[in-house]
Amino acid sequence: MGDSKEAGADAPPAGATARGGLSLLPPGEAEEPSAQGSALCLGGSEVKSRAVVKYSSAPPRAAFARLEEKTDLKLPPANWLRESAKLGPAGTTILGNSKKSKPFSSFGMAYDFIDSVGNDVDVVSDSENIKKLLKIPYSKSHVSMAVHRVGRTLLLDELDIQELFMRSSQTGDWTWLKEFYQRLIDQKWQRKKKSKEHWHQKAILSKFLYYSINGDGAAQPVPPAAGQQDPPGSDQTQDADGASWPAPFDMPASVSEDPGASSQGGEPLEPSCIVGHVASAPKEQNLTTLFNDGENSQGLKNDFVRNILWTFEDIHMLVGSNMPIFGGGRYPAVSLRLRDNNKPINVLTGIDYWLDNLICNVPELVMCFHVNGIVQKYEMIKTEEIPDLENSNFSTKVIKDIAQNILSFLKSNCTKEGHTYWLFKASGSDIVKLYDLTTLCEETEDKYQNPFTMPVAILLYKVACNMMMKKNQNKKHYGTIRTLLLNCLKLLDKSRHPQIIASANYMLSELFQLDEPKKEESSECPLNENSDESYSEEEEEEEEMPDSDENGSYSTSSDPPEDNKAVAIIKSVGELSVPEKYKSIHQIRPSCAFPVCHDTEERCRLVLSYVLEGLKSVDNSIKKESDLPAADPSTPIPLKYEDESARGGPEGLEKQMALFLDKMGSLQKGSYSCQSGMVPGSWQHKMKLQLILKSSKAYYVLSDAAMSLQKYGRALRYIRLALQSHDTYCCLCTNMFSEVLLFLSQYLTLCGDIQLMLAQNASNRAAHLEEFNYQTKEDQEILHSLHRESSCHGFAWATDLSTDLESQLSVSCKCYEAANEILQFSDLKSQNPDHCVQVSKRMGNIRNEIGVFYMNQAAALQGERAVSKSVSTAEQQLWKKSFSCFEKGIHNFESIGDATNAALLLCNTGRLMRICAQAHCGAGDEFKREFSPEEGLYYNKAVDYYLKALRSLGTRDAHPAVWDSVNWELSTTYFTMATLQQDYAPLSRKAQEQIEREVSEAMMKSLGHCDADSASARQPLRQYRAATIHHRLASMYHSCLRNQVGDEHLRKQHRVLADLHYSKAVTLFQLLKDTPCELLRVQLERVAFAEFQMAGQSSNVGKLKTLSGALDIMVRTTHAFQLMRKELVEESGQPKSDGPSPAADAAPGLNREEALKLLSIFESRLSFLLLQSIRLLSPGKKKTSSDSEGDAALRTNKHVYSQLLRATANRDTSLLERVDILLHLLGQLAGGGAVQ
């Protein structure tokens, strides 16, 4: 249509109230301006009216030609019925307001302005229908309209019963409505023909308009011969301006009624897209156009000259108008009317003119009066003056009340989306009835016989599409979208409209966000905001207003007393004039609440149910099915994965991985393999791709949810279905998107997690296997649809539930490796750094798990073989495998800067080196054994790895627990190495001094990494280690002192070191509560050390001093005997108590055999020391000044010695009694003044 966009008025017209004009639109654009409407002061009360032209195809306004008086309008002008630019390209069809609207005119507008439908606009209709409704109380003529509800919007269309019944007579359609009409409304229905006068007046109006657009303004009649032709339509009763009804929707939608008609521009959406858009991307709901059937196929095009958003009081209407508007000179915008001077303007005509000017925002009306076709005069009338014209005065306030009441009545009763309602008032009747034709149709015959079914379904679909397309769409509208789509699906025949059904089901599945948090927030899913308030039907009788006479086309008939088929009835049209007669008093039940899914599984199951319906719709539309066997959805598909993956073990797994990676590489280049015969690029192909991808995502989320519930068998089943869906997608896809590859990487990562958890939970394998093999009917049907396109075995290697631990760990590792490989195919690595880090972490972790698995196997083999045998080849192979895994894992963690986990793997590698060292210690005879070079090599390697781990961590603050663990392992390694060198000294290879030096260095390093001072749960263990190190060092220096001859300086150094380490060992052992034997042994060694020193002394004074020190050490062993006694008492009292004592739980218990041995040594050494002291203290020939002190010590020592001899002589004394005796004797020595 034309390029120019026009508005009502270019400048404010002269008048009491200022009105802003509507701005001109640039060519080819729809208007959404801040255009001002008009506020008209009419009859002392203000009626608010605002008009915004949304779209116009009318040419620029031109001044009308004022016809000379006596011009004969019966003569046709030269330009009559020729296409005129001033009347627009519609040409001959624009004949003023006499043009009848098409039955689907509101749908054409709704398609073009889909944004307004359901939300902002209350009514979409032809201006003629609006005027007819607002004139109901004034008119006796019939009213017959179809009403449809979409959200809060009502679509009004003329329902021409005459046309329908004429069609029924020819085709047999609508017979049920004809019978219903004759039974309830008009039993003697007959076709009414329009009078000759009607056609005569129409022809005069047409000629008048063509005269008025002549450039020179003068009438130019055609020659008489040519002018005598009859006007078109004068002999026709139906086709001239009758409604053009479409076929009953059993023909293909691609058969166009008007293939040459161009769709109207001015909207961002393509109006030629009958089924709109389908959501494709998961995060942004951008919609991909899948369908391209024009609305023209059913005559559903918007063919109005202008579409206006008209706000009348608080009612928002999208109105189509064809009224010609003229302008220029003194009259920037006027409407042109022709009136018979002999007939006064009545109320109906006045309302007609006033509403037309109001809707189009035209400030003035030019009236041309004629008598029998001869022009008499012109008269200019302002729009606000029309209600006060003589013979046609009416109240604008009443018109406003009528509008509000009718809208309230319709909104409160037309509540079901997708239903066709019929608003009917018989000619001459005061009763207005509303019927639900959809319900009536379903009661009688096929619902698809209703011609409105398809347009309504498409409109519901389009509105839902439009709401889905808005990226800033809030979740609160999801309930509305879902209701629109469900109502759309109810109206459609599955066999006839598979494309829309598949698309609608896909969009329904898109409403449920699979990646949202598991915890549903009910506040996020409120009730539908667009639900209108319901209106009460207070059917009170009101005073009837007098009807103005106007010839109706229907016969007057008396109304039956009851009509139980009507949804609602206005008993008298007079009620419509009563202010707020049908004002709402309560809200209708919200029907658009979005279902609240209480858990992830419920949400995913809903998604899969919609996906399945969509897949069925696509599959049923594919014709080439001869190659496919008939699949029975109730028969489970046999799963052959076990056999396939079990054929080659880990080697077979490697081959399958290689094949998989080759396949992924080929997908990058683009390949297509489909078994069902779908054509790439067809709607079936595109839709099935979308549905399959959605199913794979739903199964992935289900698998993730099952994983979090520790249902690993179920999780593996779901991830298998997700990967089978993805495999089919890969077969169908001609160009793999990076986003889809990322999904696959995520699926494989989760599959690796599941396989790892199955490996770690082998005890519950039977339950996992049962869950894995279970299949729901829905899953089977989706799998059957997938098998139409591919074998679905591409990922069988990853989803096998194996019973072998090594196999499960290997599969898990391969899944992570495959996920990582996929990230390398494109720039996914840079786009998804977080996912890459997660995959690398998992690869490092699984390689650690496998490394530990092989390491434990090697340790088990080592434990099984005989001590004398050398290291086996199997052990060495396991070491190599374990080391390789640890090395790769360390590289994985280092690549992402994860120092903590890298340190843990370095620590495990150190442990592997220690196991290798232990394996080499078994060779040779136990008595002849020496610390071998291999042992030293591996222990030193272990030390290197532990030191690397500490360097990786940097400081303890980075991760205290890991730091402490590595430090402890390093201390243990040094300690073990030193202990072995000390116990099995390699004297055949090294000198004694070198060995002692190495042992001393290793022990001190072990001590350096053993933090005995920091308070922690492991502090007692560290204190024990430190005490043991000091004890061993003291013993070594003691031994050196005994065996060494010569260098006095070195001997003195060894003596000092031995004494120092003994003291430290005692101090640390005394801190511990459960080491009495160790403490006693150290003290006895200290006594032996003192005895050794005493043996080398010659003077009695020196000997006495050393002896006194030794006895002092003996007295200080009291603490060890007290601990021993406590444990013995607890052990003897344990059977009497009901449960184990706390001490028994805390301590490992006293080693009785060792305690007896140490006690015997202690008794003998005490006896020896006491005897020596008695000898040295016995009086000689010379008396000294300290005789009194010596005598006291001598008496005490003799007394204790005698008691000790008596006690040791009694062999039947129990351990506890012996300890008690010793404690008593030591007490006497301490208090009685032993040798000072």
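**Exercise 1.** In which sense do strand 3 and strand 5 pair, parallel or antiparallel, and over how many bridges?

Solution. This is a predicted model: local features need pLDDT of at least 70, side-chain atom pairs count only at pLDDT 80 or more, and totals for chains, interfaces and linings use all residues. Residues are numbered from 1 along each chain as its sequence is written, and side-chain values use heavy atoms, without hydrogens and water.

- Locate the strands: strand 3 covers residues 123–126 and strand 5 covers residues 153–158. Strands are DSSP runs of E, at least two residues, and helices are runs of H or I, at least four, numbered from the N terminus.
- Apply the pairing rule: DSSP must find at least two bridges between the strands.
- Read off the result: the sense is parallel, over 2 bridges.

**Exercise 2.** Find the bridge partners of Val-123 in strand 5 and strand 9.

Solution.

- In strand 5, Val-123 bridges to Leu-154.
- Strand 9 (residues 315–321) runs parallel to strand 3, joined by 4 bridges.
- There, the partner of Val-123 is Met-317.

**Exercise 3.** Check the span of helix 7 (residues 347–359), then its burial.

Solution.

- The expected span is 1.5 Å times one less than the number of residues.
- For the 13 residues of helix 7 this gives 18 Å; the end C-alpha atoms are 18 Å apart, so the two agree.
- Burial means under 20% relative accessible area (1.4 Å probe, protein chains only). In helix 7, 13 of 13 residues are buried.
- After helix 7 comes Asn-361, with a positive phi near 60°.

**Exercise 4.** What share of the protein's 1236 residues is buried?

Solution. The share is 55%. The protein has 37 helices and 18 strands.

Definitions and conventions. Buried < 20%, exposed > 50% of the residue type's maximum accessible area, 1.4 Å probe, protein only.
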